[in-house]
Amino acid sequence: MYAIAATDPPLLFNKFLATQRGIIGAEHVAQVICQDNPDFETYLCRTCEYWNTPGAMITHLKSEKHQLNHMRKKFKDQFHKIQVARKRNRQGLIDQYIKYISLVEIPKIEKRMKAALNVEILLKIWPKFLQELDESWKNFEGMKIFFF
Ligand SMILES: [Zn+2]
């Protein structure tokens, strides 16, 4: 794993994250590119040891499981308060902390890994990869132009 060079073109995924609210813990996510086809990008959340396509990673980053895992590691006080909160206050606390953390963190992927597998092997171990590689999230730039 290595840092994505500042001279590299900015990740479209990062541009997308910048348009989203409430994303936390993105700094522990690495882009994984296939050795022989960099267009086949997937993402690995090192906090949760979760590896999936970009679309699924967006869903993952917004999931309570990821949010709590991130807080358990980096925002221990807040995590503890959620753990001891009454059930009816729990969601409100989570929402409040997500709002706060997403303001102090810049949601940005800065690490890249090269998968030790080539496309042929990737498709063997992940036969549905191409079906699951939903590219619809990439349309956000066009949508922005449409809505603003
Ligand atoms: Zn995660």
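## Getting started

Two residues are in contact if their C-beta atoms, placed from the backbone, lie within 7 Å. Keep that rule in mind as we walk through this structure, which is a predicted model: local features need pLDDT of at least 70, side-chain atom pairs count only at pLDDT 80 or more, and totals for chains, interfaces and linings use all residues. Residues are numbered from 1 along each chain as its sequence is written.

## The whole chain

The protein chain contains 8 helices and 5 strands. Here helices (H or I, at least four residues) and strands (E, at least two) are DSSP runs, numbered from the N terminus. Following the sequence, you meet them in the pattern β-α-β-β-β-α-α-α-α-β-α-α-α. Along the principal axes, the C-alpha atoms of the protein chain fill a box of roughly 50 × 40 × 30 Å.

How much of the protein chain is buried? Buried residues account for 19% of its 148 residues. A residue is called buried if 20 or more other C-beta atoms lie within 10 Å of its own, exposed if 12 or fewer, and partly exposed in between, with C-beta atoms placed from the backbone. Contacts also tell us about distance along the sequence: of those in the protein chain between residues at least 6 apart in sequence, 61% join residues at least 24 apart.

## The sheet

Now for the strands. Strands of a sheet pair through backbone hydrogen bonds, either parallel or antiparallel. In this model, an open sheet of 5 strands is arranged in the order β1-β5-β2-β3-β4, with mixed pairing. Its edge strands are β1 (2-3) and β4 (50-52), each of which pairs on one side only. Two strands count as paired if DSSP finds at least two bridges between them. Helix α2 packs on the sheet and touches β2, β3 and β4. The direction of α2 makes about 20° with that of β3; such axes are lines fitted to C-alpha atoms, for helices over the stretch in contact, and angles run from 0 to 180 degrees between N-to-C directions.

At one edge, β1 and β5 pair in the antiparallel sense over 2 bridges, and Tyr2 has Arg112 in β5 as its bridge partner.

## Strand β2 and its partners

Why is strand β2 (residues 29-34) largely enclosed by the rest of the structure? It is because 5 of its 6 residues are buried. On one side, β2 and strand β5 (residues 111-115) pair in the parallel sense over 5 bridges, with Val32 having Met113 as its bridge partner in β5.

Strand β2 also pairs with strand β3 (residues 37-45), in an antiparallel fashion through 6 bridges. A hairpin of 2 residues joins β2 to β3. Try finding two of the bridge pairs on the model: Ala30 has Leu44 as its partner in β3, and Gln31 stands opposite Tyr43 in β3.

## Helix α3

Which residues of helix α3 (residues 64-74) are buried? They are His66, Gln67, His70 and Met71. Seen down the axis of α3, these buried residues fall within an arc of 130°, so they line one face of the helix. The arc is that of the directions from the helix axis to the C-beta atoms. Turned away from this buried side is a face that carries the exposed residues Glu64, Lys65 and Lys73. The cover over the buried residues of α3 includes β3, α2 (54-61), α4 (76-84) and α5 (87-104).

## Two residues up close

Look for Cys45 in strand β3. Cys45 counts as buried because it has 21 C-beta neighbours inside 10 Å. Not counting residues up to four places away in sequence, Cys45 touches His28, Val29, Tyr50, Met57, His60 and His66. Cys45 and His66 are 21 residues apart along the chain, and their C-alpha atoms are separated by 8.8 Å.

Next, find Asn69 in helix α3. With 19 other C-beta atoms within 10 Å, Asn69 is partly exposed. Leaving aside neighbours within four places in sequence, Asn69 is in contact with Thr47 and Cys48. The C-alpha atoms of Asn69 and Leu93 are separated by 15 Å, with the two residues 24 apart along the chain.
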